[in-house]
Amino acid sequence: MSENRLEIRNLHARIAGGVDILKGVDLTVPAGEVHALMGQNGSGKSTLAKVMAGDPAYEITDGDILIDGESVLEMEPDERARAGLYLAFQYPVEVPGVSIANFLRLALNARRDEDDEIGVMEFYTKLQGAVKELDWDESIIERNLHEGFSGGEKKRSEILQLLVLEPKYAILDETDSGLDVDALKVVAHGVNAARGDAFGALVITHYQRLLNYIVPDRVHVMAEGRVITSGDKELAMELDDKGYDWIKNEVASGAAPA
Amino acid sequence: MADAPMQHPDADKLVGMEHEKQYDFQLPEEYFYKSEKGLTPEVIEKISAFKGEPQWMLDFRLKSLEIAMKKGAPTWGPDLSGLDFDDIYFYVRPNEEQGTTNSWDDIPEEVRATYQRLGIPEAEQKVLAGVGAQYESEMVYHSLKEEWEKQGVIFLDTDTGLQEHEELFKEYFATVVPPNDNYYAAVNSAVWSGGSFVYVPKGVEVDVPLQAYFLLNAQNIGQFERTLIIVEEGAKAHYIEGCTAPTYASDSFHSGVIEIIAKDNANVRYSTIQNWSHNVYNLVTQRALVHSGASMGWLDGNLGSKVTMKYPSCYLLGPGAHGEVLSIAFAGDGQHQDAGAKVIHAAPNTSSSVVSKSISKGEGTSSYRGLVQIHEGAENAKSNVECDALLLDDTSKTNTYPYIEIDEKSAHVGHEATVSKLNEEQIFYLMSRGLAEDEAMALIVRGFLEPVAKELPLEYAVELNRLIELEMEGSVG
């Protein structure tokens, strides 16, 4: 069996010193697939995303996270990134004075050997290709990272970075929140452009809306720090229709697979 | 230091020494001179006699010493109690400029390692460390020099400037920073040596920056350098002093005076990045007189040293004069950077802008100390001050001392100050993109400095970045 997958096993985690927010998450995203992770506010979705990326504010109390069969628990966030993991943040920070172009060139070179830095032409060709894919103006690459960006622009920047850095696995943390339909389509187009046999993604969202544009191979539902059920894309529609209480009841009564 | 003795019993020494010829094309004399320690009239007489100066300069030096002794050291600002005048050589002839160091092997390993990591060629390293006197850019310098001479531009070390252009020199010398201005200016006036003398005639625009770098072999690095820059009406010049490599000095006291005169509609820019070794007290007076319609810009980078006190100033004397001060300070562990700016608006429609960025680390302290003064009658004067401090950890400190004095109702004055601490979320974000923690921190710092660094010529900006990275090492918790 192929080892190419992003795997979360029985993951328990909390804010350092607090109580567990994740209470045994099990989830596998094989390479080549896009999965959706849905759940209400407070269900632990965003915590899961940050824990996977290695946010030092959290501590893992049990379980494991594996990239292609290799545990990342002992890895720093940058090592996880270089191992192929990418998190599109729900709230990307601003870094004043650092242009998108400079930043992405550094980030790309961090993945390469010191004597094998990316050529200037190769880099700009790649960057401009990604900018075009997202229907963005070329001047954006000279703007400072998220400085003065609207919410929508920040989300678009997260996808731009994804396209340039070409991770093996991406986690998109509510990339759709705060976007109008046009921006949503652009972002979805970017994610779809990244799809391929060597790319897996976990798309975290409240709403089914995004999944009209990024059609998932699987849908997982999270509640109270666990994945309570999984299904195909129809599950997302049904959930949108009937609500989270419905699915919780279904799971409790045994009507939906736990 | 207030009770520094006026007399020393020992006679001055003339020390015979075999010259190392490969480094000494410029200095045919077979002897070099080193003054006794301490600050006395005898030392000053010897300095002046040794340089073969005119009587008026000796008189000026002696008078300055009197003023210094009367004034005494200032009692405000950073702690200078480690400074002991009795233990300082106030004059060492240039090839022996760095005190007792005259061999490459005597330069501490850490300084040599830093040079290597900055990628500085060995010949240049030796000049910077004070053990060499020849530098490979000399050819470049000579061709530029011919060009400048055709335009009537004078660019010499200050001692040569005095010898070759005495009348011009005398007309402007100490008119911007007189010896009674402050204690350290008085000390400098008494014992000055080295620095640059620049004269740009009316209407001449010097396109290539005048770099003190080129004069390194001609005695430019000095403990008490004295630079005098005169830019005539409608002329333009950019002077660049120093470089980002750490300037190694076994002596511990540096006090320069920089005087600039920007005549009507002149455009002058003075850029400096100093990176003194960590034992140095660096107390510098930098001032420009800015006449009608002229524009003066100071770009000031302060790294290294134990204590730096430096407040580049612009006296806006004519209508429409414009002054700008952009500064960067990096206070590493145990260092105190007390830097800022002074802007005096003494004429209508004058404008000024001050941007100050400081970074503090470990037990380092950075202070912004600034004065904006708007005199009565300076109608519609505009001034904007922005000072931003970045703390890299919980132990470093920053202070802001803004002084604003306004005697004119129509003035517009803005002041904005921010203090921020290196942000964990930013570091996590950058790391999640593959940057190691130290790279992430260095990138945030570079971004913080960017508004000032972008004003630097490219090669200096690149060196500054490398230098910041070196300074940041060991910041990762």
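Helices here are DSSP runs of H or I with at least four residues, strands are runs of E with at least two, and both are numbered from the N terminus. The legends below describe a predicted model.

**View 1. Helix H2 of chain B and the helices that it packs against.** Helix H2 of chain B takes in residues 55-71, 17 residues in total, and spans 24 Å from its first C-alpha to its last, which is close to the 24 Å expected at 1.5 Å a residue. Its buried residues are Trp56(B), Met57(B), Leu58(B), Phe60(B), Arg61(B), Ser64(B), Leu65(B), Ile67(B) and Ala68(B). In an α-helix there are 3.6 residues a turn, so residues three or four places apart point the same way. The partners of the buried residues of H2(B) are helix H1 (41-51), helix H6 (158-164), helix H7 (166-172) and helix H8 (183-191), which also belong to chain B. After H2(B) comes Gly72(B), and the phi of this glycine is positive, near 75°.

**View 2. A salt bridge between two buried residues, Arg61(B) and Glu53(B).** Arg61(B), one of the buried residues of H2(B), forms a salt bridge with Glu53(B), at a distance of 2.7 Å from N to O. Arg61(B) counts as buried because its relative accessibility is 0%. Glu53(B), with a relative accessible area of 14%, is likewise buried, since the cut-off for that class is under 20%.

**View 3. The contact between chain A and chain B.** Chain A contributes 32 residues to this contact and chain B contributes 17 residues. The size of an interface is often given as the accessible area lost when the parts come together. For chain A and chain B the buried area is about 1900 Å², and 70% of it lies on carbon and sulfur atoms. One salt bridge is counted between chain A and chain B, and it joins Glu158(A) to Arg433(B), whose closest O and N atoms are 2.6 Å apart. Ten residue pairs are found in polar contact across the interface of the two chains, both residues of each pair being at pLDDT 80 or more. On the side of chain A that touches chain B, at least two residues each come from helix H1 (45-53), helix H2 (77-82), strand S6 (85-88), helix H3 (100-110) and helix H5 (151-165) of chain A. By class, the residues on this side of chain A are 20 nonpolar, eight charged and four polar.

**View 4. A salt bridge in chain A between Arg195(A) and Asp217(A).** The search of the whole structure gives 25 salt bridges over all chains, among them the pair of Arg195(A) and Asp217(A), whose closest N and O atoms are 3.6 Å apart. Arg195(A) sits in the loop between helix H6 (181-194) and strand S8 (200-205) of chain A, whereas Asp217(A) sits in the loop between S8 and strand S9 (218-223) of chain A, so the pair ties together parts that are 22 residues apart in sequence. Arg195(A) counts as partly exposed at 30% relative accessibility, and Asp217(A) counts as partly exposed at 37%. The chain around this pair has eight helices and ten strands, and buried residues make up 52% of its 258 residues. Among the contacts in chain A with a separation of 6 or more, 68% are between residues 24 or more positions apart.

**View 5. A salt bridge between two loops of chain B.** Glu233(B) and Lys202(B) meet through their side chains in a salt bridge of 3.8 Å from N to O. Glu233(B) is in the loop between strand S6 (226-231) and strand S7 (236-241) of chain B, and Lys202(B) is in the loop between strand S4 (196-200) and strand S5 (210-211) of chain B, so that distant parts of the chain, 31 residues apart, are linked. Glu233(B) is partly exposed, at 37% relative accessible area, whereas Lys202(B) is exposed, at 61%.

**View 6. Two loop residues of chain B with positive phi, Asn265(B) and Ser305(B).** Most residues other than glycine have a negative phi. Asn265(B), in the loop between strand S9 (257-262) and strand S10 (267-276) of chain B, has a positive phi near 60°. Ser305(B), in the loop between strand S12 (295-304) and strand S13 (307-310) of chain B, has a positive phi near 70°. Asn265(B) is exposed, with 52% relative accessibility, while Ser305(B) is buried, with a relative accessible area of 0%.

Key:
Residues numbered from 1 in each chain as written. Chains lettered and ligands numbered in written order. Heavy atoms only, no water. Contact = heavy atoms within 4.5 Å. Buried area = accessible area lost by both parts, 1.4 Å probe. Salt bridge = Lys/Arg side-chain N within 4 Å of Asp/Glu carboxyl O. Polar contact = N/O pair within 3.5 Å; in protein donor to acceptor, adjacent residues only side chain to side chain. Nonpolar A, V, L, I, M, F, W, Y, C, P; charged D, E, K, R; others polar. Buried < 20%, exposed > 50% of the residue type's maximum accessible area, 1.4 Å probe, protein only. Expected span 1.5 Å × (residues − 1).
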